[in-house]
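These are my notebook entries on a structure that I went through step by step. The sequence and the coordinates come before the entries.

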Amino acid sequence: MASPRRSKNSGASWRDVTVSPLILVQGGEEYIHTRVTDSVKAQLKKAEPDTEIHHLSAAEYQAGELQVLASPSLFGEKKLLVFDDMHKMTDAFVVDGLEYIQHENPDVTFLGLHGGGNRGKRLLDALKKAGQHIEAKPIKSDRDRIEFLQAEFREARRRIDTDALRALADAIGQNLGELAAAAHQLISDTQGTITEDTVEQYYGGRVQATAFKVADSALDGQLGPATALLRHALATGVQPVAITASFAMKARQVARVVDAKLSQGQLASALGMAPWQAQRIMATARNWTPVNIAGAIELIARADAEAKGQARDAAFAVERMVTKVAGMAGRH
Amino acid sequence: MANPVWHSLAGQHAVIQQLSHPETMTSPTHAWLFTGPPGSGRSMAARAFAQTLQCEQQEISQRGCGTCQACVTIAAGTHADVNIVTTEKVQYAIDDVRELVSDAHDRPSTGRWRIIIIEDADRMTERATNVLLKAIEEPPERTIWMLSAPSPADVLVTIRSRTRHINLVIPAVEDVAQLLVGRDGIEAELAHTCARASQSHVGVARWLARSPEARERRDMIVNLPMTVSSASAAVESADNLHKLVQDEAEASSSDRNAAERSSLLRSLGLTEDDTVPPKLRVHFRRLEDNQTARNRRAIHDALDRAMIDLSGVYRDLLVLHLSQDTQLINEHLRPHLTEYSAKVSAEHCLSSLEAINTARRRLAGNVPPLLALEAMLLAFIPRTRRHAPL
């Protein structure tokens with residue numbers, strides 16, 4: 001990646017995709033698929049406003065379609081063929097695709113979107129060799145997300161502080177589309193360098209809260225944080241039933257160890273979990289007596305039934321459960 | 001003495017007398033509702049009644065012979081004019097019910113009547129039941145509807161008022177045992193134990209009597225209250241019970257599911273090794289959906305059975321607290337139960353019964369079975385022992 005001139009077939013960054021007859025985007029991050037498609041479309045439209053665009057699914061491809069669409073037209077208009085779902089491509093698509101690579105039409109841009117995996121390997125290899133290959137691996141680590149945000153701001157020629165980047169990544173969470181939307185909002189709504197204060201102003205107080213985090217802090221007896229996390233989780237779209245489910249799982253594990261006379265190694269194998277997980281559960285179980293955990297499981301079962309329709313307000317039922325369970329922890 | 005078709009109906013003398021009355025046989029009411037507790041023989045009664053109505057014997061008093069073509073085909077569920085409708089899912093689909101309404105307008109082809117028997121009418125949603133209303137109120141001249149449900153309250157009031165109601169009683173243990181001995185050739189003592197253990201549910205009694213594994217499973221379940229003594233044991237038992245129920249449902253359905261799949265493959269012209277083309281996948285998805293729904297019902301029923309057995313145990317414990325000479329449901333466990341009843345209070349038995357009821361309500365409300373069972377089993381731990389040191 002260091003050389004300024006990238007060879008044609010390297011896994012280029014999706015940000016500098018250029019129009020060429022054959023483009024393959026491979027990887028599970030759908031947001032990148034969308035961005036590449038948009039960028040190719042925009043470039044083509046800019047050069048030739050009359051470009052014909054065809055969106056097809058490779059999963060429902062029928063033999064011959066590609067050749068029909070890609071055949072030269074009378075007036076030589078430019079064409080863009082976007083093939084979705086290449087990870088579910090039909091066999092006919094492989095055959096026709098390989099055929100097409102041999103006789104590509106310079107007026108046509110072939111854009112294939114492959115969601116990852118190895119389906120149609122022969123065609124993928126041929127495309128990688130003959131055209132542009134763009135990786136769209138799902139972004140998982142925090143570092144990658146921050147890099148992604150950084151690139152978004154750089155593209156818009158805006159400066160952002162490192163602290164502000166981190167704060168933004170923490171507040172928005174995993175979804176790449178949401179990260180991009182947040183970045184674009186900051187870009188269009190603010191001026192000058194974006195600082196941590198700006199992020200705080202727009203996204204202050206937002207925390208990534210999963211159902212498991214709520215359960216962990218409640219069973220550890222942290223009433224305040226548990227309630228705050230619960231409110232965040234509910235506000236960001238976590239379903240009440242997901243919360244009761246993760247409570248049930250965690251409470252089950254605690255009940256398994258609370259009065260069992262087993263060593264840590266035996267416990268780990270009895271519970272079917274890694275030693276460090278067993279250790280974590282043992283630490284949580286120290287907050288609990290058998291009577292209390294029995295009461296907690298009863299509360300969880302009740303809240304689960306209520307969240308599934310036996311009460312009018314699922315959020316209230318779950319919040320009552322969280323406060324009661326957190327209150328019971330540590331009371332011997 | 002009643003005619004042969006009535007013989008497998010244990011302890012329902014009044015009902016048999018009413019249904020085999022000559023007047024009923026010559027001009028029957030157009031819609032009937034059979035009610036009674038599960039296992040009392042609601043669907044058996046409806047079938048037997050259909051047999052007496054369609055029987056080929058000339059003499060009215062002889063009808064229900066059990067040997068003529070009509071009687072035999074109805075027993076096998078293949079008679080052309082008798083539709084027996086049942087569901088293996090949790091609920092009837094509305095489209096199935098619509099189909100029935102059009103069937104009801106066909107004239108009988110060989111028999112005297114067209115008879116439509118709907119088993120478990122309580123599994124019909126209100127919307128589905130409404131489809132039936134008009135058809136049941138004024139059926140064509142020779143059509144007879146027979147619905148069965150646990151109690152009249154389980155069907156819509158508008159259906160109830162359009163039908164003649166036949167109520168089956170809980171048969172006496174003695175009657176059920178006699179039926180098992182006479183019909184299935186079960187040994188007398190075993191037949192008594194099973195009849196009592198099943199609380200006079202004829203089908204379950206027969207199943208228990210015939211399958212030693214089923215008896216073993218039941219014993220494991222009824223012993224739960226006496227073995228669960230700590231929180232960790234309760235959670236572990238809940239897990240075991242849940243697995244047991246799942247395995248049971250799985251075992252009973254896996255062969256059948258595979259057979260259904262291969263028959264579908266064959267009818268679509270594919271062999272086992274072919275990959276299913278995308279265009280045909282929808283058929284397989286539909287089959288799998290059906291199988292999943294059936295499996296859910298099987299798990300649901302097995303859990304329900306377990307809950308009934310457990311409430312039987314606490315009923316017995318209460319009986320032992322209140323009097324010594326009443327028969328127990330689990331008579332074969334009397335020594336164990338007597339010993340255990342000394343350790344727990346009557347209040348604890350009542351609160352455990354309440355816990356069982358709550359668990360059943362929760363299961364109906366779609367709470368994960370494992371969670372509902374855990375909460376229930378934790379409530380079984382006697383108060384004094386719950387305070388055991390860590």
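**Entry 1. Between the chains**

Which residue of chain A forms a salt bridge with Asp239(B)? I looked up the pair in this predicted model and found Arg256(A), with the closest N and O atoms 3.2 Å apart. I then counted the salt bridges between chain B and chain A and noted three. For polar contacts across the interface of chain B and chain A, I recorded seven residue pairs.

I next asked which helices of chain B each supply at least two residues of the side that touches chain A. They are helix H12 (231-267), helix H15 (346-364), helix H16 (369-380) and helix H17 (383-386). Sorting that side of chain B by class, I obtained 10 nonpolar, five polar and eight charged residues.

The contact draws 23 residues from chain B and 22 residues from chain A. The size of an interface is often expressed as the accessible area that is lost when the parts come together. For chain B and chain A I noted a buried area of about 2,000 Å², with carbon and sulfur atoms giving 61% of it.

**Entry 2. The nonpolar cores**

I turned to the largest nonpolar core, which has 89 residues. Which residues have the most contacts inside it? I noted Phe247(A), Trp288(A) and Ile293(A). The element that gives the most to this core is helix H13 (residues 281-322) of chain B, with 12 residues.

I followed Ile293(A) further, leaving aside its neighbours within four places in sequence. Within chain A, Ile293(A) is in contact with Leu219(A), Ala251(A), Val254(A), Ala255(A), Val258(A) and Trp288(A). From chain B, Ala231(B) is also on the list of contacts of Ile293(A). Apart from this core I recorded another, of 37 residues, which includes Trp14(A), Leu44(A), Ile134(A) and Ala180(A).

**Entry 3. Salt bridges within the chains**

Searching the whole structure, I counted 37 salt bridges over all chains. I examined several of them individually.

In chain A, the side chains of Glu306(A) and Arg302(A) meet in a salt bridge, at 3.3 Å from N to O. Why are Glu306(A) and Arg302(A) separated by about one helical turn? It is because they stand four residues apart in helix H14 (residues 290-310) of chain A. Buried or exposed: how does Glu306(A) count? Glu306(A) has a relative accessible area of 13% and is therefore buried, the limit being under 20%. Arg302(A), at 35% relative accessibility, counts as partly exposed.

In chain B, I found a salt bridge between the side chains of Asp81(B) and Arg114(B), 3.3 Å from N to O. This pair links distant parts of the chain, 33 residues apart. Asp81(B) lies in the loop between helix H4 (69-76) and strand E2 (82-85) of chain B, and Arg114(B) lies in strand E3 (residues 114-118) of chain B. Asp81(B) counts as buried, at 0% relative accessibility. Arg114(B) counts as buried too, at 7%.

Asp309(B) and Arg218(B) form a further salt bridge, in which the closest N and O atoms are 3.3 Å apart. I placed Asp309(B) in helix H13 of chain B and Arg218(B) in helix H11 (residues 212-227) of chain B, 91 residues apart. Both Asp309(B) and Arg218(B) are buried.

I also noted a network of salt bridges that links Arg42(B), Asp120(B), Arg123(B), Arg297(B) and Asp301(B).

**Entry 4. Chain B overall**

I counted 17 helices and five strands in chain B. Of the 390 residues in chain B, 48% are buried. I also took the contacts in chain B between residues at least 6 apart in sequence and found that 70% of them join residues at least 24 apart.

**Entry 5. Two loop residues**

Where is Ile60(B) placed? I found Ile60(B) in the loop between helix H3 (42-54) and H4 of chain B. Its relative accessibility is 28%, so Ile60(B) counts as partly exposed. Leaving aside neighbours within four places in sequence, Ile60(B) is in contact with Pro22(B), Met25(B) and Thr26(B). Ile60(B) and Thr26(B) are 34 residues apart in sequence, and their C-alpha atoms are 8.3 Å apart.

Gly237(A) has its place in the loop between helix H10 (223-235) and helix H11 (240-258) of chain A. Gly237(A) counts as exposed, at 51% relative accessibility. I noted 10.0 Å between the C-alpha atoms of Gly237(A) and Ala209(A), which are 28 residues apart along the chain.

Conventions
Residues numbered from 1 in each chain as written. Chains lettered and ligands numbered in written order. Predicted model: local features only at pLDDT ≥ 70, side-chain atom pairs only at ≥ 80, totals over all residues. Heavy atoms only, no water. Core = buried A, V, L, I, M, F, W, Y, C linked by side-chain atoms within 4.5 Å. Buried < 20%, exposed > 50% of the residue type's maximum accessible area, 1.4 Å probe, protein only. Contact = heavy atoms within 4.5 Å. Salt bridge = Lys/Arg side-chain N within 4 Å of Asp/Glu carboxyl O. Buried area = accessible area lost by both parts, 1.4 Å probe. Polar contact = N/O pair within 3.5 Å; in protein donor to acceptor, adjacent residues only side chain to side chain. Nonpolar A, V, L, I, M, F, W, Y, C, P; charged D, E, K, R; others polar.
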